[in-house]
Amino acid sequence: MKALITGLTGQDGAYLAKNLLEKGYKVFGGVRRISTPNFWRLEELKILNHPNLKIIDLDITDLSSCIRALNDCKPTELYNLAAQSFVAASFKQPLQTIEASGTSAINLLESIRITGVNCKFYQASTSEMFGSVVEVPQNEDTPFYPRSPYGFAKLMAHWGTINYRESYDFFASSGILFNHESPLRGIEFITRKITDGVAKIIKGKNDCLEIGNLDAKRDWGDAEDYVEGMRLILSAEKSDTFVLATGETHSIRDFLVKAFSCVDIKLVFEGTDLNEIGIDKKTNKTLVKINPKFYRPAEVDLLIGDPSKAKNVLGWKAITNIDKLVQKMINADLKRQS
Ligand code: NAP
């Protein structure tokens with residue numbers, strides 16, 4: 001088996017590469033040219049110099065680059081994980097996000113069509129497409145209502161995947177993944193911002209965490225479980241759309257309480273709205289403040305996925321629960337700060 005992964009240097013790209021290498025795949029990892037190589041995740045997972053991993057130049061916003069990658073690698077599976085994946089940034093760079101997270105998927109699908117390379121295609125779709133949710137929990141049939149440029153760019157890529165499946169009989173599948181985290185999560189994402197912030201407070205490198213909306217609720221799973229789900233999606237008998245989620249939801253407030261409890265701090269909240277603070281119950285020290293600069297222009301209040309189809313058809317389910325996930329992330333960040 002030969003897999004081409006776009007977005008190799010990201011959280012999921014690194015974990016998926018490790019997963020596939022362990023299963024005996026030859027892996028081609030697509031990396032765009034940036035001024036300073038960004039291989040820290042591959043180094044942490046100790047796969048950067050794996051003999052079956054070949055890093056190739058690939059900018060998914062450039063059709064010619066996609067065609068060249070397909071022709072050179074001739075993969076049997078193509079996992080499209082590259083994207084501008086940070087929702088907050090998408091409000092500031094909407095057009096770049098549309099290119100990197102939306103039309104880029106069409107570049108890859110067109111490259112498969114033009115080159116005739118016989119490969120299965122996986123599209124990294126997202127629960128952010130449900131946005132202002134119209135039903136709870138969300139499944140494969142839930143109507144979409146994206147609330148950010150990231151959400152609507154991904155929706156285009158999602159429908160593009162379905163359209164190529166129906167028009168050209170492609171094996172093109174879409175995984176609508178709910179939030180998944182890990183010690184390799186980018187530091188700008190809320191979960192990692194929290195675990196990194198807690199570690200810095202414990203090590204005396206910071207006093208307090210500044211957070212936006214405490215009440216947003218997300219269905220958080222472990223990225224390692226989810227990349228196995230991606231592999232299973234492409235191993236299924238036929239291409240389709242699957243929701244991968246834990247089926248549980250927690251607020252950012254809950255995540256904070258869990259993260260501080262991993263370092264034996266009981267966090268309690270006082271005040272309301274912008275004046276709400278999180279304090280250490282024992283010392284009364286303020287550890288969490290609200291900063292409205294972190295509010296989204298349009299919020300997604302509640303995401304909770306129904307992974308029944310993935311369980312029934314693929315035999316997939318999320319293994320790691322939220323407490324284990326938070327502990328794992330805190331342990332890694334404490335180690336990094338020591
Ligand atoms: P991530 O850590 O932000 O990684 C994104 C990757 O895309 C990075 O390797 C980045 O490369 C690459 N990239 C960005 N623009 C590119 C371009 N023009 N050409 C080539 N590569 C480019 O994201 P992730 O958490 O691993 O997520 C993987 C995918 O799943 C993304 O598409 C994301 O939107 C989607 N998704 C994620 C979640 C989640 O909770 N993690 C949930 C649902 C869907 P650089 O290293 O050069 O920046």
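## Basis of the description

Helices (H or I, at least four residues) and strands (E, at least two) are taken here as DSSP runs, numbered from the N terminus. The structure is a predicted model. This report treats the ligand site, then the salt bridges, and lastly the setting of Thr142.

## The ligand and its shell

The shell around the ligand consists of 26 residues, and those that come nearest are Thr9, Asn38, Ser85, Tyr150 and Lys154. Sorted by class, the shell is made up of 11 polar, 10 nonpolar and 5 charged residues.

Both backbone and side-chain atoms of the protein lie at polar contact distance from the ligand. Gly7 places a polar backbone atom 3.4 Å from a ligand oxygen. The contribution of Asp59 comes from its side chain, where a polar atom is 3.0 Å from a nitrogen of the ligand. At His180 the backbone is again involved, with an N or O atom 2.9 Å from a ligand oxygen. On its own the ligand has 910 Å² of accessible area, of which the protein covers 91%. Helix H1 (11–22), strand S5 (120–126) and helix H6 (149–168) are the elements that each give two or more residues to this shell. Strand S5 gives the most, with 3 residues.

## A salt bridge within helix H5

Side chains of opposite charge can pair when their charged atoms come close. The model contains 20 salt bridges. In one of them, the side chains of Glu110 and Arg113 meet with an N to O distance of 2.8 Å. Both residues belong to helix H5 (residues 94–115); because they are 3 residues apart there, about one helical turn separates them.

The two partners differ in exposure class. Glu110 has a relative accessible area of 17% and is therefore buried, since the cut-off for that class is under 20%. Arg113, at 38% relative accessibility, counts as partly exposed.

## Salt bridges between distant parts of the chain

The side chains of Arg218 and Glu128 form a salt bridge with an N to O distance of 4.0 Å. This pair joins distant parts of the chain, as Arg218 is in strand S9 (residues 217–218) and Glu128 is in the loop between S5 and H6, 90 residues apart. Arg218 and Glu128 are both buried.

A further salt bridge connects the side chains of Arg253 and Asp215, at 2.7 Å from N to O. Here too distant parts of the chain are linked: Arg253 lies in helix H9 (residues 252–261), while Asp215 lies in the loop between strand S8 (209–211) and S9, 38 residues apart. Asp215 has a relative accessibility of 47% and is thus classed as partly exposed. Elsewhere, Glu44, Arg192, Asp333 and Arg336 are joined into one network by salt bridges that share partners.

## Thr142 in the loop between S5 and H6

Thr142 is situated in the loop between S5 and H6, the loop that also holds Glu128. With a relative accessible area of 2%, Thr142 is buried.

The side chain of Thr142 takes part in two close polar pairings. One is a polar contact of 2.5 Å with the side chain of Glu135. In the other, a polar side-chain atom of Thr142 lies 2.8 Å from the backbone nitrogen of Asn139. When residues up to four places away in sequence are not counted, Thr142 touches Phe130, Val134, Glu135 and Pro137. Glu135 is thus both a polar partner of Thr142 and one of the residues that Thr142 touches.

Terms used: Residues numbered from 1 in each chain as written. Predicted model: local features only at pLDDT ≥ 70, side-chain atom pairs only at ≥ 80, totals over all residues. Heavy atoms only, no water. Near = heavy atom within 4 Å. Polar contact = N/O pair within 3.5 Å; in protein donor to acceptor, adjacent residues only side chain to side chain. Areas by Shrake-Rupley, 256 points an atom, 1.4 Å probe, with all protein chains shown as cover. Nonpolar A, V, L, I, M, F, W, Y, C, P; charged D, E, K, R; others polar. Buried < 20%, exposed > 50% of the residue type's maximum accessible area, 1.4 Å probe, protein only. Contact = heavy atoms within 4.5 Å.
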